[in-house]
Amino acid sequence: MEKRDNRKKRESKKAWVRPTVKPAILVLLAAMLLCAVLAGLLWRKRHGTDEGVAIRPEREHPAGLVQTYCQKDERWAEDKLGKSVYRMGGSGCLTSCIASALSTQAAVGNRGKATSNKSQDMADRDKALVEQGEIMTDISGAVDISKAVTDTGQTTSGMNKLMTAGELNRIFSECQVYNEQGDIVWGRIEEIMPEVGVLVAASVDGKQIEALLDEGMYPIVKVKVGGYGAAHWVLIVGSDGEEYLCMDPLKEDGALVPLSRHGGVVYRMRCVYWVD
């Protein structure tokens, strides 16, 4: 009789515990699942999950002279991207690419549409300027622009549009071009810089990249470091007919690198340029 009473007590205790403990466990599991989903969404927003597109040039696009910027340059490496916790040294590749694109385009007077022959003419002219000592460069194609002259020898109107990566970052930070996560709000660029055009491509299109280079503009493309690492942005500045050549903000010596250095696969494409 006593054993039967004890068994009833245990069963009664289980019946009382189950309804309270089980829902608590379910709530905990649901909370953990929700956190995992939110973390995944935040990661996707930050890094993207786009399908990459392998691209190769259809023909040669002489790179000419390129103003290169390294995001880890000690002059601005510790500068924050707006009010975010991110700094130029670790996350300033995109800003560095934009500064390089605008400075290069302004310095060589390469605004507006240009044919492939025009691009070759510009490359020949730049080579002549180097030989005359007007612009200093090295065999890598990197350039430290001290003068930029037109065919008539006059200073180009684009000289006041030269800016370093650090200077552009300060402009972007002061004018709230970055959001709280340090990402660029593309529409803000044209608002604060009316002379600048911005292209945010919906998808990666090799023909569009070719067309931009033909027009004297430089595509900014998202890649993965080494082809499989973290997300990174580089600036396509030309091609040798076999590979696209890029200004890579991670290169401290400013040497141009082939796109194949990062796998030759592009995940997103942008372009920022001076308009006529």
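**Cores, strands and salt bridges**

Student: Which residues have the most contacts inside the largest nonpolar core?

Tutor: They are I98, F172, I184, I189 and M193, in a core of 36 residues. The elements that each give two or more residues to this core are α3 (93-107), α5 (165-174), α6 (186-192), β6 (196-200), β8 and β12 (268-274).

Student: And which one gives the largest share?

Tutor: That's α3, with eight residues. As for the terms, a nonpolar core is a set of buried Ala, Val, Leu, Ile, Met, Phe, Trp, Tyr and Cys residues joined through side-chain atoms within 4.5 Å. Buried means under 20% relative accessible area, exposed over 50%, and partly exposed in between, using a 1.4 Å probe and protein chains only. Helices (H or I, at least four residues) and strands (E, at least two) are DSSP runs, numbered from the N terminus.

Student: Anything I should know about the model itself?

Tutor: The model is predicted, so local features need pLDDT of at least 70 and side-chain atom pairs count only at pLDDT 80 or more, while totals for chains, interfaces and linings use all residues. Residues are numbered from 1 along each chain as its sequence is written, and side-chain values use heavy atoms, leaving out hydrogens and water.

Student: Cool. Back to I98: what does it touch?

Tutor: Leaving aside residues up to four places away in sequence, I98 touches L168, F172, I184, W186, I189, I220 and V272. Contact here means heavy atoms within 4.5 Å. Apart from the core we started with lies another, of 19 residues, which includes L213, V234, L259 and M269.

Student: New topic: is β8 mostly covered or mostly exposed?

Tutor: Mostly covered: of the 10 residues in β8 (231-240), eight are buried.

Student: Which strands does it pair with, and how?

Tutor: Two strands count as paired if DSSP finds at least two bridges between them. With β7 (219-224), β8 pairs antiparallel over five bridges, and K224 has A231 as its bridge partner. Four bridges join β8 to β9 (244-247), also antiparallel, with S239 facing Y244 as its bridge partner. Strand β2 (60-61) is joined to β8 by two bridges, again antiparallel, and E60 has D240 as its bridge partner.

Student: What about the turns? Which residues take a positive phi?

Tutor: Between β7 and β8 the hairpin has six residues, and G226 takes a positive phi near 70 degrees. The hairpin of β8 and β9 has three residues between the strands, and there G241 takes a positive phi near 95 degrees.

Student: How many salt bridges are there?

Tutor: Nine, where a salt bridge is a side-chain nitrogen of Lys or Arg within 4 Å of a carboxyl oxygen of Asp or Glu. One of them is E242 with R56, whose closest N and O atoms are 3.9 Å apart. That pair links distant parts of the chain, 186 residues apart: E242 is in the loop between β8 and β9, R56 in the loop between β1 (53-54) and β2.

Student: Why does E242 count as exposed?

Tutor: Because its relative accessibility is 54%.

Student: Got another long-range pair?

Tutor: E58 and K207 form a salt bridge, with the closest N and O atoms 3.3 Å apart. E58 is in the loop between β1 and β2 and K207 in helix α7 (206-214), 149 residues apart. K207 is exposed, with a relative accessible area of 60%. Salt bridges with shared partners join E58, R59, K207, E210 and D214 into one network.
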